[in-house]
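Hello,

Here is the structure I promised to pass on to you. Have a look at it first, and then read on for what turned up in it.

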Amino acid sequence: MEIGEFIQKFEAEFEDIPKGTVKPSTKISDIEGWGSMHALIVVALADTEYGVTIKGEELKKVQSVQELFDLITRKKAEQ
Amino acid sequence: MAFFSIENIAIKGIAAAVPKQELSNWDYDFLTEQERKMLIKTIGVEKRRVVKDTGVTTLDLGKAAAEKLLQETNTAKEDIQILVFVSQTPDYYLPASSIILQDRLGLSKTCMAFDINLGCSGYVYGLSAISSLMSISKIKKGLLITGDISSQGAPREDKSVYPLFGDAATATLIEYEEGHEKTNFSLQSNGAGYEAIIVREGGMRKPLTRESFDIVEKEKGISRAPRNLELNGMEVFNFSVTEVPKNVDEFFNLTHTNPDSYDYFVMHQANLLMNETIRKKLKFPAEKVPYTLSKYGNTSSASIPLTIVSELRNKVSAPLSFLLAGFGVGLSWGTVSLKTSNLVCPEIIEM
């Protein structure tokens with residue numbers, strides 16, 4: 001899995017995030033309007049697209065998009 | 001594994017009652033407009049019915065639904081010999097609401113009655129209990145009442161609970177019918193997740209104190225008192241999208257069925273993102289999966305029968321094959337398959 005592809009999927013989930021603005025270094029909490037609904041959508045994305053379960057406390061520790069991608073990749077590898 | 005089949009039991013009718021008072025999440029100005037839009041799109045709840053200050057309880061809603069159902073199915077009250085009431089918002093700690101309802105409905109004293117303390121899985125569990133008892137005892141007719149007034153436990157300052165729940169109760173008429181096709185159940189529980197949806201204070205573990213009513217900010221947008229309903233959305237989401245498809249897949253194996261075998265898959269109305277994730281995992285086509293989340297929100301154990309009445313009442317005279325799945329607080333979850341024909345579903349009562 002490539003991070004570019006992941007970012008595309010990530011951006012596709014959110015109408016309110018302009019396409020092409022998310023970078024691996026983007027801090028998730030800095031994304032405008034980011035909230036608990038966005039977090040839930042990320043958990044759903046990880047589940048449906050990658051078959052990975054992300055817990056609430058794991059997601060809280062994640063800072064950047066790169067770290068989120070790494071978390072999903074690591075969990076996927078552990079399966 | 002709690003998988004079993006029950007013979008000679010048929011559902012004859014379902015009625016639902018909701019409070020008149022309607023709240024719209026578009027007016028929920030505790031959130032910004034952008035947050036509201038995002039919330040409604042994600043959880044799918046636009047409107048909810050709430051009892052608010054009317055004094056109406058789950059028992060009252062259940063009574064109205066039951067009376068309407070008995071009337072529309074021409075059922076004599078003395079023929080009802082079992083009444084099961086499923087709720088987590090009963091009138092009293094004790095006695096059980098089912099017993100009060102026996103009297104309020106004018107049912108015979110020969111009718112057995114008891115409560116079951118379950119929420120979102122309650123309709124499926126309730127059906128399993130009443131169907132089993134009726135199948136063994138050959139009791140001819142029974143009523144299953146399910147519902148909650150969950151809105152009462154949610155302060156406006158808790159965005160994780162307040163916009164989600166609506167109030168409703170339903171009544172289902174069940175009859176002993178020799179030769180009716182088998183009803184299949186698969187029921188599960190996991191108490192390790194008991195804190196995922198919980199009212200922490202007011203029970204015997206933590207009796208009410210003055211502080212139980214103090215609303216405290218837990219995180220931004222989430223303030224509640226210890227006696228209020230607390231919900232860990234992420235945990236419930238992960239539980240539901242993992243365990244429900246697993247349970248239903250196993251159910252398919254055991255019953256040699258698949259999504260094509262059913263006319264409708266009616267899920268507990270939890271939240272749209274969660275339910276759609278489950279639907280897609282199970283590969284059920286959208287047209288077989290009705291929703292009432294936008295109209296009524298999450299109505300706990302009333303959500304499955306309420307959805308049948310609201311969305312399918314014009315289709316239920318035909319023979320239908322249903323798959324129903326309830327899941328949530330406990331954690332508790334279960335699936336049932338059943339067949340109906342000439343199901344009586346009167347219009348939703350508003351009170």
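Let me start with chain A, which has four helices and zero strands. Followed along the sequence, chain A reads α-α-α-α. The radius of gyration of chain A is 11 Å, close to the 12 Å that the globule rule gives for 79 residues, so chain A is as compact as a globular protein of that length. Please keep in mind that this is a predicted model.

Some further figures for chain A: its C-alpha atoms fill a box of roughly 35 × 25 × 20 Å along the principal axes. Of the 79 residues in chain A, 22% are buried. Among the contacts in chain A with a separation of 6 or more, 58% are between residues 24 or more positions apart.

Now to chain B. Helix 8 of chain B covers residues 303-312, and it is largely enclosed by the rest of the structure because seven of its ten residues are buried. Those buried residues are Ser303(B), Ile304(B), Pro305(B), Leu306(B), Thr307(B), Ile308(B) and Val309(B).

You may also like the largest nonpolar core, which has 120 residues. The members that touch the most others in this core are Ala16(B), Ala65(B), Leu83(B), Ile145(B), Ala168(B) and Leu324(B). Which residues does Leu83(B) touch, leaving aside those up to four places away in sequence? They are Ser98(B), Leu101(B), Gln102(B), Leu107(B), Cys111(B), Ala113(B), Gly142(B), Leu143(B) and Ile145(B). Ile145(B) thus appears in both lists.

Enjoy exploring it!

Best wishes

Terms used. Residues numbered from 1 in each chain as written. Chains lettered and ligands numbered in written order. Predicted model: local features only at pLDDT ≥ 70, side-chain atom pairs only at ≥ 80, totals over all residues. Buried ≥ 20, exposed ≤ 12 C-beta atoms within 10 Å, placed from the backbone. Helix = DSSP H or I, 4+ residues; strand = E, 2+ residues; numbered from the N terminus. Core = buried A, V, L, I, M, F, W, Y, C linked by C-beta atoms within 7 Å. Contact = placed C-beta atoms within 7 Å. Rg over C-alpha atoms; globule rule 2.2 N^0.38 Å.
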